[in-house]
Amino acid sequence: ESGAGAVDVTSAAGTPEEVQVRRIFTKAAPSGGGTQGEWSTEGIRDEIGYLRSLLPAGGEGAGAGEGEAAVPADAAVSVESIRRFAKILDAEEAEESHIPQDLEPIRELVERELSEEYDRNAVADLARSLLPHGARLQPPQAAEVLSSVAKMLGLALEMRDIPLYFTVADMIYLMFAPDVDIDFEVKRHAAGILMDELGGEKLRRLVLAVSSDDPIQVAKLGSFFSAFGKSLPEGLIRVVENLEDEEEQARVEEILLRVSYGDIAFFREKLYDRRLGVVRSVLRCLARMGTEEAAMLVTRAAKHPLPEIRVLALRLMRLRKEEPDTGVLLDALADRDEKVRLEAIRQIAPLKNPVFKRALVEKAESKDFAGLPLGEKVAVCKTLATLAGKEAEPLFIRMIDRKSLIRKEEVNELKIAAAEALGLIGGERAREAIVRASDSASPQVVEAFERILRSMQ
């Protein structure tokens, strides 16, 4: 080390701490045994334990300076002790004969440091030192060292520490770069660690932890995918496909919008994807783009083969400042799927276009109207009452007075739908029509009439 607090490793004198650090750097045999230039498992444990005992903190122990007390034996390894130990592993003159075959000390060090009280720089330094060390080992042992580094990725992800995550990921990536001369099996294992991060739950957690407002994090995420010849937009699509939480979907869609750079072609292709979740997200992204071409694709989606997408397209169409396409809404009003027809009625309700008023009158007067579900009949009548007001009152009075012995249940539903509309129109004539119809109605219909009459008071 250089600067304040540096230790002169060439001197034979110094404090006990300097002597101990010097012994580490020169690979002198530890007091517990061994020969000059060799490392025993017990020796490395001694070095770690001794360094820990030098840390100033509460409690009593060896190595404390004047006015200071050493930390208890079970205290965590400090940032400084990790860095000192890391220099052992990083020493350029180290040869394979000097590398401990028992990796338990390294395992213990990693386990101690990876906790909720971790230090970002210390973990990064530890990874920076362990990876070259692992590169010098035989594949089975290298795999264990790499697995320890993989735990650092897990910690960073759990703590949503994206800067640390990408710092460690970059170090792992450098191990299998073409110009790095290490065992092929070790390279393959390093690549496998990162590949494992690009799938399933790990990928979901990573994408949700990335801030869409941070261009550096988004760029790092893109580089992560491109390192394996993968597309970030495609990766985001895989994530959003399985998300059910709307807030999580919105976060992924925000990143997708940023990395697509307004590429309409990508979204156009995905509009007819077989995965419903993907099409929904793509459609929402198009609606947020705000361009004319994107708006046109949203409108076209109102004729999508999937009824769920047709419904969503109708909802998103109202986000535009311009009035929705009249022809699209009229077609949706006659859609084969009930959910689509109901959504069309909801979109028509606030519009004052006389075309929709006529369309609803025709629908209410058609011979098939009585056979529609009750919810749809009520929606049509109430929306027509909103658009036409008193003008539609005669239609609803005829409907509420209707009688039939063959289709009695359908007629009863018609009476309820007409009463709902008359309740919205209000006035004495509407009230009298509901009261008159109550005399010959079934108990179920009378109960609905009474509720509507109370709401008119």
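**Close-up views of a predicted model**

**View 1. Four helices contribute to the largest pocket.** At least two lining residues of this pocket come from each of α11 (232-241), α12 (246-260), α14 (276-289) and α16 (307-317). Welcome to the first stop in this model, which is predicted rather than experimental. The largest pocket has a volume of about 360 Å³.

**View 2. Residues around the centre of the largest pocket.** Which residues lie nearest the centre of the largest pocket? Of the 16 residues in its lining, they are E246, R280, R284, L312 and R315. If you like to think in residue classes, the lining of the largest pocket breaks down into eight charged, five nonpolar and three polar residues.

**View 3. Helix α7 and its span.** Helix α7 covers residues 162-175. Its 14 residues should span 20 Å at 1.5 Å a residue, because the expected span counts one less than the number of residues. The C-alpha atoms at its ends are indeed 20 Å apart, in agreement with that expectation. Take a look at the start of α7 too: there, a side-chain oxygen of D161 comes to within 3.2 Å of the backbone nitrogen of L164.

**View 4. Buried residues of α7.** The buried residues in α7 include I162, L164, Y165, F166 and V168. Further along α7, A169, M171, I172 and M175 are buried as well.

**View 5. N412 and its contacts.** N412 sits in helix α22, which runs over residues 408-425. Is N412 buried or exposed? N412 counts as buried because its relative accessibility is 15%, and the cut-off for buried is under 20%. Leaving aside residues up to four places away in sequence, N412 touches S442 and V445.

Note on methods
Residues are numbered from 1 along each chain as its sequence is written. This is a predicted model: local features need pLDDT of at least 70, side-chain atom pairs count only at pLDDT 80 or more; totals for chains, interfaces and linings use all residues. Side-chain values use heavy atoms; hydrogens and water are left out. Buried means under 20% relative accessible area, exposed over 50%, partly exposed in between (1.4 Å probe, protein chains only). A polar contact is a pair of N or O atoms within 3.5 Å; within protein, one must be able to donate a hydrogen and the other to accept it, and residues adjacent in sequence count only if both atoms are side-chain atoms. On a 1 Å grid over the protein atoms alone, a cavity is a set of points where a 1.4 Å probe fits but cannot get out, and a pocket is an open set with protein on both sides within 12 Å along at least five of seven lines; lining residues have an atom within 4 Å of a point. Grid points are joined across faces, edges and corners, and a volume is the space filled by probe spheres set on the points. Ala, Val, Leu, Ile, Met, Phe, Trp, Tyr, Cys and Pro count as nonpolar, Asp, Glu, Lys and Arg as charged, and the others, Gly among them, as polar. Contact means heavy atoms within 4.5 Å.
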